[in-house]
Amino acid sequence: MRTHDGKRLYPTAVPRRRALLVGAEIASMRSPWPVEDSLDELALLAQTAELEVVGRIFQRLPEPQPKFFIGPGKVKEVAALREQTQADLIVFDDELSPAQTRNLEEELQTQVIDRTGLILDIFARHARTHEGRLQVELAQYQYLLPRLRRQWTHLERQAGTGGTAAGGVVGLRGPGETQLEIDRRLIERRIAWLKDQLADVHRHRELYRQRRRQTGIPVIALVGYTNAGKSTLLNAMTGADVLAEDKLFATLDPTTRQVLLPGNIVALMTDTVGFIQKLPPQLVAAFRATLEEIEEADLLLHVVDVTHRNAQEHAQTVEQTLRELGVDHKPVLTVLNKIDLLEGATAEDVGQIAAEMGLPTDIVAVSAQRGWGLQTLGERIVAMLAQRMVRVDAYIPYQRNDLVALWRQRGVIEVEEFEGDGAHIVGRLPPALAPQFARFARSSL
Ligand SMILES: Nc1nc2c(ncn2[C@@H]2O[C@H](COP(=O)(O)OP(=O)(O)OP(=O)(O)O)[C@@H](O)[C@H]2O)c(=O)[nH]1
Ligand SMILES: [Mg+2]
């Protein structure tokens, strides 16, 4: 296990922690996810965090129970299973309140974390840039602060055994009440410092964006469920070499690359952090860089792994997260990825699959890995970007051929007729560039 700054918490020789997974199907929450599928996903998350999953158990309930989230009888079953499997960590699939976590730890005499805590641990492992690390550390401390007390109660009880420094996220020790107060104050101070640092980074990025905006180069953001193939698609479209792995949350820090679209149109394409069900939107929002890239984008490409059993649930989660982040007004093009795994499927079959999943039928099917469908995808992107541009009808003299070249690269030329000492051009331009053409315009609609 490693902390957010890459230091090892334990020597490598120490065996993996043994995790017991606990799920619940809550009737009142009406989650579209079958509880077993959600636990499968939790198991993948646990593996990514290098835990050994030694058992799983779930309960169907009308409502979450205030004390333990699950019912007291089920807690007893969990205790028995823990004994039997020798688990030393219990991972709940749902968000627990700090009080529920404390009650469960007291009852089960073992460390308890929830899905959010586990995801934070993975974030801490995968953040690479300075900003990414600051963001993760801030999110970790914000998660930890209300839970500090349980660390103390939990560890005090274990005094003499040296206490179990909790894995990843919860790696703080707090041996007593005084220490707890000190920890709390230190953490509050650290949170304030982290926020300051991040505000600085944001100011710098905003300056960069302002310059970028003035160039009128359109921005395309790749969004989607984790592991859908966003980074693979970015690499395939732009020749970037972003890490793409069969892991959840391989990408945390957005990468932006230039892409050359059909007609030699230049755009920027940004890879962003993946979404996942039951991830509090504040946590996605903690990735300000991702959020800002999405807010800034002219077009979102929603990448869906069409071969996943839960593709429909994935797509719904992404749509819901975009709504929660307040960016659902952006134009979206749905891209069904990994079609190489659908052996012998025709374009019609893929359209059918999309319709059955309740996805927009207006999709593009690709294999980012094999490079299939990328030409069509590029053409569709150009067509959608053109809709965001303003229509311009201009006469440009030959001396200003530089403007024609710019138009060709950043906009779309529909008609080009040579007349006298220049060219009469009709087409579309990004709104940011239109003013440069204003003095040559015949009419601008
Ligand atoms: N068969 C097949 N596998 C693919 C395709 N595209 C991506 N993959 C695989 O899917 C896995 C996830 O791909 P990534 O590109 O890392 O996915 P991502 O959406 O960036 O994931 P996160 O960054 O973790 O959110 C990798 O193992 C890829 O090799 C594809 O078109 N076909
Ligand atoms: Mg990625």
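**Strand pairing, an aromatic pair and the surroundings of ligand 1**

Let me begin with the strands, where E1, covering residues 18-26, and E2, covering residues 52-61, run parallel and are joined by 9 bridges. I should say at once that what we are looking at is a predicted model, and I will keep to what was computed from it. Within this pairing, Arg18 stands opposite Glu52 in E2, and if we follow the chain from E1 through helix H1, residues 35-48, to E2, the three elements make a β-α-β unit that is right-handed.

From there I would like to move to the aromatic side chains, for which a search of the whole structure finds 2 pairs. One of them is formed by Trp33 and Tyr225, whose ring centres are 6.3 Å apart and whose planes meet at 25°, which is under 30 degrees, so the pair counts as stacked. This pair links distant parts of the chain, since Trp33 sits in the loop between E1 and H1, while Tyr225, 192 residues away, sits in the loop between strand E5, residues 219-224, and H8.

Helix H8, residues 230-238, also brings us to ligand 1, because with 3 residues H8 gives the most to the shell around ligand 1. Which residues come nearest to ligand 1? Of the 23 residues around the ligand, they are Lys230, Thr232, Ala250, Thr251 and Asp340. By class, the shell holds 10 polar, 7 nonpolar and 6 charged residues.

As for individual contacts, oxygen atoms of ligand 1 lie 3.0 Å from a backbone N or O atom of Asn227, 3.0 Å from a side-chain N or O atom of Lys338, and 3.2 Å from a polar side-chain atom of Ser367. Taken on its own, ligand 1 has 650 Å² of accessible area, and the protein covers 92% of that.

How values were computed:
Residues numbered from 1 in each chain as written. Chains lettered and ligands numbered in written order. Predicted model: local features only at pLDDT ≥ 70, side-chain atom pairs only at ≥ 80, totals over all residues. Heavy atoms only, no water. Pairing = 2+ DSSP bridges. Helix = DSSP H or I, 4+ residues; strand = E, 2+ residues; numbered from the N terminus. Right-handed = clockwise from strand over helix to strand, strands pointing away. Near = heavy atom within 4 Å. Polar contact = N/O pair within 3.5 Å; in protein donor to acceptor, adjacent residues only side chain to side chain. Areas by Shrake-Rupley, 256 points an atom, 1.4 Å probe, with all protein chains shown as cover. Nonpolar A, V, L, I, M, F, W, Y, C, P; charged D, E, K, R; others polar. Phe/Tyr/Trp six-rings, centres within 6.5 Å; stacked < 30°, edge-to-face > 60°.
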